[in-house]
Amino acid sequence: MAQKYYVVWEGRNKGIYNSWQECKSQVEGFQGAKYKSFENLTEAQKAFAEPYQNFVGKKTTPKPDLPYPEAICVDAACNTQTGDMEYRGVHYPSGKVLFHQKGFQDATNNMGEFLAIVHALAYLQKQNSNIPVFTDSKTALSWLKRKKCNTEKIPTPRNQPVFELIRRAETWLQNNSFENSVLKWETEKWGEIPADFGRK
């Protein structure tokens, strides 16, 4: 896997780090942490010299050359401060955010990835579109195949909304068919998935 660099604008120690573990130690649990990953040291150094706001939500890598002219890419992320999970679907190649759900407490990235895939499939069904869906989660793909989210998370009052959404997603899969291909995003070949939240 290609070397990545991590800029920390606000954290325990500001700077540029060459591993996610080093970056994580600076930002995890730090209120107001500001950080982002970059594909090379030159990009990271340039970014560190500029305000964090210049890079929020912006992709730092060129668009990948996919074997499909159009697709929906999905991703999920957990906030290191609040623990809240969010997921979104992004149109390739335009980069337009098609849906973004957030504020799910006490949930995991894989739960979010699963929900994002089903959300994308339901969205495409309404659009009568057969374009593919990409995810970088092998776990979510296996859950999709079984039509069941096999998370080890235990339902609690805090995460009841996300478990209710998962139940609805599983029901949708059992009651609907789709022709869209759901494929594994090849990160090593194409870089980060376009829906990536830039937190790893």
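Guide: In this predicted model, buried means under 20% relative accessible area, exposed over 50%, and partly exposed in between.

Visitor: Is Asp75 buried or exposed, and in which strand is Asp75 found?

Guide: The relative accessible area of Asp75 is 2%, and because buried means under 20%, this residue falls in that class. As for its place in the fold, Asp75 belongs to the run of residues 71-78. Asp75 is therefore buried, and the element that holds Asp75 is strand 4.

Visitor: Which residues does UniProt list for "binding site", and what is the largest C-alpha distance?

Guide: The UniProt record, an unreviewed entry, gives Asp75 and Asp196 under "binding site". Although these residues are spread over 122 residues of sequence, they cluster in space, with a largest C-alpha distance of 5.6 Å.

Visitor: Where is Asp196 found, and is Asp196 buried or exposed?

Guide: Asp196 is found in the segment that follows helix 6, the helix made of residues 187-190. Its relative accessible area is 5%, and because the limit for the buried class is under 20%, Asp196 counts as buried.

Visitor: How many salt bridges does the count come to?

Guide: The rule asks for a side-chain nitrogen of Lys or Arg within 4 Å of a carboxyl oxygen of Asp or Glu. Among the pairs that meet it are Lys46 with Glu50 and Lys153 with Asp106. By this rule the count comes to six.

Visitor: With which residue does Lys24 form a salt bridge, and how far apart are the closest N and O atoms?

Guide: Lys24 is partly exposed at 27% relative accessible area, and its partner is likewise partly exposed, at 39%. The partner is Glu28, and the closest N and O atoms of this salt bridge are 4.0 Å apart.

Visitor: Is Lys46, the partner of Glu50 in a salt bridge, buried or exposed?

Guide: The closest N and O atoms of Lys46 and Glu50 are 3.0 Å apart, and Glu50 is partly exposed with a relative accessible area of 25%. Lys46 has 54% relative accessibility, and because the exposed class begins over 50%, Lys46 counts as exposed.

Visitor: How many residues apart in sequence are the parts that Lys153 and Asp106 tie together?

Guide: The side chains of Lys153 and Asp106 meet in a salt bridge at 2.5 Å, N to O. Lys153 lies in the loop between helix 4 (138-146) and helix 5 (160-175), whereas Asp106 lies in the loop between strand 6 (97-104) and helix 3 (109-127), so the pair ties together parts whose separation in sequence is 47 residues.

How values were computed
Residues are numbered from 1 along each chain as its sequence is written. This is a predicted model: local features need pLDDT of at least 70, side-chain atom pairs count only at pLDDT 80 or more; totals for chains, interfaces and linings use all residues. Side-chain values use heavy atoms; hydrogens and water are left out. Buried means under 20% relative accessible area, exposed over 50%, partly exposed in between (1.4 Å probe, protein chains only). Helices (H or I, at least four residues) and strands (E, at least two) are DSSP runs, numbered from the N terminus. UniProt positions are given in the numbering used here, feature names are shortened, and annotations may be inferred rather than shown by experiment.
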